[in-house]
Amino acid sequence: EGYCSPSGPIESTHCLYETVETLNHQLFPSLHDLVTYPFFRHYKVDLHKECPFWYENGFCMNRNCGVEEANEDDIPEKWRARALSEVRVSSPGDEGVSGCYFKEQDFCYVEDDADQNGQYVDLTLNPERFTGYAGDSAHNVWRAIYEENCFGLSEASLSELSKASSSSASSSSNINGNGMKKSDIASAVVGAGGISKSSPSDIPTWGFSKLSEGWGTEMVKAPLEGEGMCEEKKVYYRVISGLHASISIHICAEYLDQTTGEWAPNLECFISRLATHPERLSNVYFNAVLLLRAVARAAPYLQAYDIATAPTLGSGVKAGRESDKLAKERFDQVLNLAGGDGMSKGFDEGDFFMGEDAPILKEQFKTHFRNVSRIMDCVGCDKCRLWGKLQVSGIGTALKILFELDDKALDPKINPDLLQRSEVVALFNTLHRISESLAAVEEFRKIYAATQEEE
Ligand code: FAD
């Protein structure tokens, strides 16, 4: 069937998956090149913040957990200067004025070029792949993130909302600070995490079938469908599960064979973590659609964004006016692909946060997501922490674009400082991670097919 036009949101049709895959054949190579340009490869991040929720001593001593820093000579001074100039506190009545859409709309803590404590990292020197980080430390982090998924309108949450609206961007340090019962948390976590069983007969089901076979039916079995969750809670779960699955795909696609010391795709890893859990894979596609929708929505704003880095010469990285020109062409190409016909109906932000309870649910969603960005400070492996923080920030930026900003806010003339450089960098690198995961799924299908032929 190949390309088909999307006919609804990602839950209700498998057609969209094929559309995403087809789009990804063009999108992935473009993004893969885009993220090598200086604007996109340099990210400032503070990897030394303390875990605010529990004592974390699971530091990964494995050298694969280490992070390579960037060369400070490659960092244009204008990034820092611009970030500094953007740090303005909004006040009531500021609306419509440049810089006013700051902080209160953020779904996560934004790492910032002006941050004194952060360090610049060259993302291209730090591939997301197997590091050996595992065990209790990693499980505690994932559990805490899934436990952030409680949405409800209890009295406690109503009072939380009234506090939130009076205290603006300050976030709760209570991990589950929304007044939900423990039993609700437990049932949601079982839905999220209790699916690790697999038997040999299950092995390559959906993950290796052609997309048109089985995808739709497997989707119906996804743990979320029957649980009566509100749409916002589903979105929260799918975003997290999709991020988790994408990280797992990267681990399996670049796995270190500890006996030979070679990096290679690990089919067993992919089968046990992904192929036997179709809903996890479907959540990666969900993230792709969500991010693409956000990029498409902000395209006019992003088109006007200054991504040039010349005249900083840089040492060894592509730099200069010619490079700026090529980067801009690539950027426009990615924006056009994201805004193409195929994706426009994939995710409709208008379906969420619309009812009477919308302000409460949105505040809760934001609080949870901000907590996720703080939980990232509990990841005991620097490289995992780097990509975890970046991707939470990228998704947070997408959520902000989709749920917080109206068309007026997205007008580059009215609101030129809407997104900080670090948010743009996080958004596109996160889209690249997800797009790379989708490309890796296709590679694993080929690897699996080859093993079947051999038998
Ligand atoms: P885990 O992946 O730890 O999963 C724990 C449980 O969650 C599973 O048993 C299952 O019940 C459930 N689960 C798993 N996947 C999903 C899903 N997609 N949706 C819903 N539920 C699910 N390791 C690296 O080698 N490289 C990295 O770059 C890396 N980055 C990380 C970033 C973060 C933020 C975190 C928290 C961990 C990272 N890790 C990384 C560790 C890695 O994610 C795993 O925790 C580790 O490989 C151990 O895997 P596991 O098989 O025990 O299951």
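## Core, helix α9 and ligand shell: exercises

The largest nonpolar core in this predicted model has 94 residues. Its members with the most contacts inside the core are A288, L291, V295, A398 and F428.

**Exercise 1.** Find which residues L291 touches, leaving out residues up to four places away in sequence.

*Solution.*
- Start from L291, one of the residues with the most contacts inside the largest nonpolar core.
- Apply the contact cut-off: C-beta atoms within 7 Å.
- The partners are A398, T430, L431 and I434.
- A398 is also listed among the residues with the most contacts in that core.

**Exercise 2.** Work out which residues of helix α9 are buried, and name elements that cover them.

*Solution.*
- Locate α9 at residues 267–275.
- Call a residue buried if 20 or more other C-beta atoms lie within 10 Å of its own.
- F270, I271, R273, L274 and A275 are buried.
- Their cover includes α8, α10 (278–297) and α15 (421–454).

**Exercise 3.** Describe the shell around the ligand by nearest residues, by element and by class.

*Solution.*
- Of the 25 residues around the ligand, A138, S241, A245, C384 and G388 come nearest.
- Two or more shell residues come from each of α4 (135–146), α6 (182–193), α8 (231–253) and α14 (382–403).
- α8 gives the largest share, 6 residues.
- Sorted by class, the shell holds 14 nonpolar, 8 polar and 3 charged residues.

**Exercise 4.** Summarise the chain by secondary structure, burial and contact range.

*Solution.*
- Count the elements: 15 helices and 4 strands.
- Check burial: 44% of the 455 residues count as buried.
- Take contacts with a separation of 6 or more; residues 24 or more positions apart account for 85% of them.

Notes. Residues are numbered from 1 along each chain as its sequence is written. This is a predicted model: local features need pLDDT of at least 70, side-chain atom pairs count only at pLDDT 80 or more; totals for chains, interfaces and linings use all residues. A residue is near a molecule or strand if its C-beta atom, placed from the backbone, lies within 6 Å of it. Ala, Val, Leu, Ile, Met, Phe, Trp, Tyr, Cys and Pro count as nonpolar, Asp, Glu, Lys and Arg as charged, and the others, Gly among them, as polar. A residue is buried if 20 or more other C-beta atoms lie within 10 Å of its own, exposed if 12 or fewer, and partly exposed in between; C-beta atoms are placed from the backbone. Two residues are in contact if their C-beta atoms, placed from the backbone, lie within 7 Å. A nonpolar core is a set of buried Ala, Val, Leu, Ile, Met, Phe, Trp, Tyr and Cys residues joined through C-beta atoms within 7 Å.
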